[in-house]
Amino acid sequence: MAKTQTFARCTHCDHREPRWVGRCQQCRSWGSMVEETTAGSFADGGVRARAVAPAEAARPIRQVSVHDHARAATGIGELDRVLGGGLVPGSVTLVGGEPGAGKSTLLLQAAHALAERGGGANVLYLSAEESPGQVRLRADRLDALSDHLLLANQTELPSVLGLVERHQPAVLVLDSIQTVRHPDVAGTAGGVSQVRECAGMLVGEAKRRGMATVLVGHVTKDGQLAGPRLLEHLVDVVLELSGERHHALRLLHAAKNRFGAVGEVGCFEMTGTGMAGISDAGRLFVGEAADGTTGVAVTLALEGRRPLACEVQALVAPTALANPRRVASGIDAQRLSLLVAVLERRAGVPLSDRDVFVSSVGGVRLGEPAVDLALCLAIASSRRDAPVARRLVALGEVGLAGELRLVTQTERRLAEAARLGFGGALLPAAYDGPAFGLQLHRSRNLSEALAAGLG
Ligand code: TYD
Ligand code: MG
């Protein structure tokens, strides 16, 4: 006989305790523990494996038929690029992002485009967060009124499935997975159990019907809400929409894609009439500083596989503080502290009695070591009050000894710099690839690079 086990599970964070307690020991929330009983496990001998005749035998790989994945292109170029051409029937896509990133806006636009191009097939847009009236208002603004775009406001999963049965949509958009719940599952909407169970049922439904399904998932700044992380292995495609709230620019990354390449990035601008794709993002992050301005330098950062010219700015100012300030925006603060120390000790740029502020232009986050050299150049330029040579890009990682290291895909970045009309590039001496018509300044260390770059 199977040994049954009783234990308590937290409906917020999935933490288990051997017996019921009033407060979860992991996420510290009160009253979230519920008792569950299982029929033991293989490991403790409680369950015996049993063979059942399969409905269908396994087949040699060559005899497996290939469903020609007829993708439904959304017609929104930047979105299709990230999806790998469009939505695959029966696939489940999770679109994550912080509140306000523009998920609902982009998906409403995509739902409209798919409804218009779907040849009469329905697109069902379920918004559990906003009333159909609110969505309609937004759709008016986005010019997204299509006869085949159906709206409903549902938070109960059985009713969601009922709507799917009734309208047989080719595409289902559910905004968001954290607001739906199933009455037979314990926990509140948005909790781990609800999110996992509801998503599981929707994945099953999508596969059974060949219905492309898009789920929206909110992520807070610190990745708090368990939802989206939990779902990554369940779904076929995971897209992340990111961008600073106070900037119009939005980047869409594919973090996982069973039908296409990851590393693709789509660029959008949030405008008064929705998300507008930016197909040539070349100079988006380069400011309009006048010639001769000090403290600005340009690098080529890779967003996924796409090189983007990005400007970094630095301001070095005298301080009266015993601990001068090192403030970074869009750039890692620890990296800044490290580079300030390297500049002082290895390149003779005195900064111990100065505040240093650095920022990226356009709200883009520059996390790669490839921006090191441009950042050092901008700081030194501000400190010495000497502008960086015109139309120059800097590409290189700076080591603790002040040495320069080659960064990945330098050639690709240089080619883009040349295409954008830059004239020269500051590089580590180790680079031996093509120049793409750029004047290359190769340097062995930071001091040499600063001498070459500050014209
Ligand atoms: P929204 O799509 O609701 O974000 P999410 O679903 O990711 O939470 O939109 C976010 C912001 O975009 C919101 O603050 C209003 C703004 N917005 C525009 O600037 N233009 C528009 O056309 C729309 C629809 C929204
Ligand atoms: Mg929304």
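In this predicted model, helix α3 (residues 132-142) lies across three strands, β5, β6 and β12, and runs at about 145° to β6. Helix α4 (residues 157-167) also has its place on strands: it lies across β5, β6 and β7, at about 160° to β5.

Now let's look at the sheet itself. Nine strands form an open sheet with mixed pairing, in the order β6-β5-β7-β8-β4-β9-β10-β11-β12. Strands β6 (149-152) and β12 (274-277) stand at the edges with a single partner strand each, so one side of each has no neighbour in the sheet. On average, neighbouring strands here are turned by 25° against each other, direction ignored.

For one pairing to trace by eye, try β5 (residues 123-127) and β7 (residues 171-175), which pair in the parallel sense over five bridges. Within this pair, Leu 124 stands opposite Leu 172 in β7.

Next comes ligand 1. It is surrounded by 16 residues, and the closest are Gly 100, Lys 103, Ser 104, Thr 105 and Thr 271. Helix α2 (103-117), helix α3 and strand β11 (265-271) each supply at least two residues of this shell. Sorted by class, the shell has four nonpolar, eight polar and four charged residues.

Here are some distances to oxygen atoms of ligand 1:

| Residue | Part of the residue | Distance to an oxygen atom of ligand 1 |
|---|---|---|
| Ala 101 | polar backbone atom | 3.3 Å |
| Ser 104 | polar side-chain atom | 2.6 Å |
| Thr 105 | N or O atom in the side chain | 2.5 Å |

How much of ligand 1 does the protein bury? Taken alone, ligand 1 exposes 560 Å², and the protein buries 73% of that.

Methods:
Residues numbered from 1 in each chain as written. Chains lettered and ligands numbered in written order. Predicted model: local features only at pLDDT ≥ 70, side-chain atom pairs only at ≥ 80, totals over all residues. Heavy atoms only, no water. Pairing = 2+ DSSP bridges. Helix = DSSP H or I, 4+ residues; strand = E, 2+ residues; numbered from the N terminus. Axes fitted to C-alpha atoms, helices over the stretch in contact; angles between N-to-C directions. Contact = heavy atoms within 4.5 Å. Near = heavy atom within 4 Å. Polar contact = N/O pair within 3.5 Å; in protein donor to acceptor, adjacent residues only side chain to side chain. Areas by Shrake-Rupley, 256 points an atom, 1.4 Å probe, with all protein chains shown as cover. Nonpolar A, V, L, I, M, F, W, Y, C, P; charged D, E, K, R; others polar.
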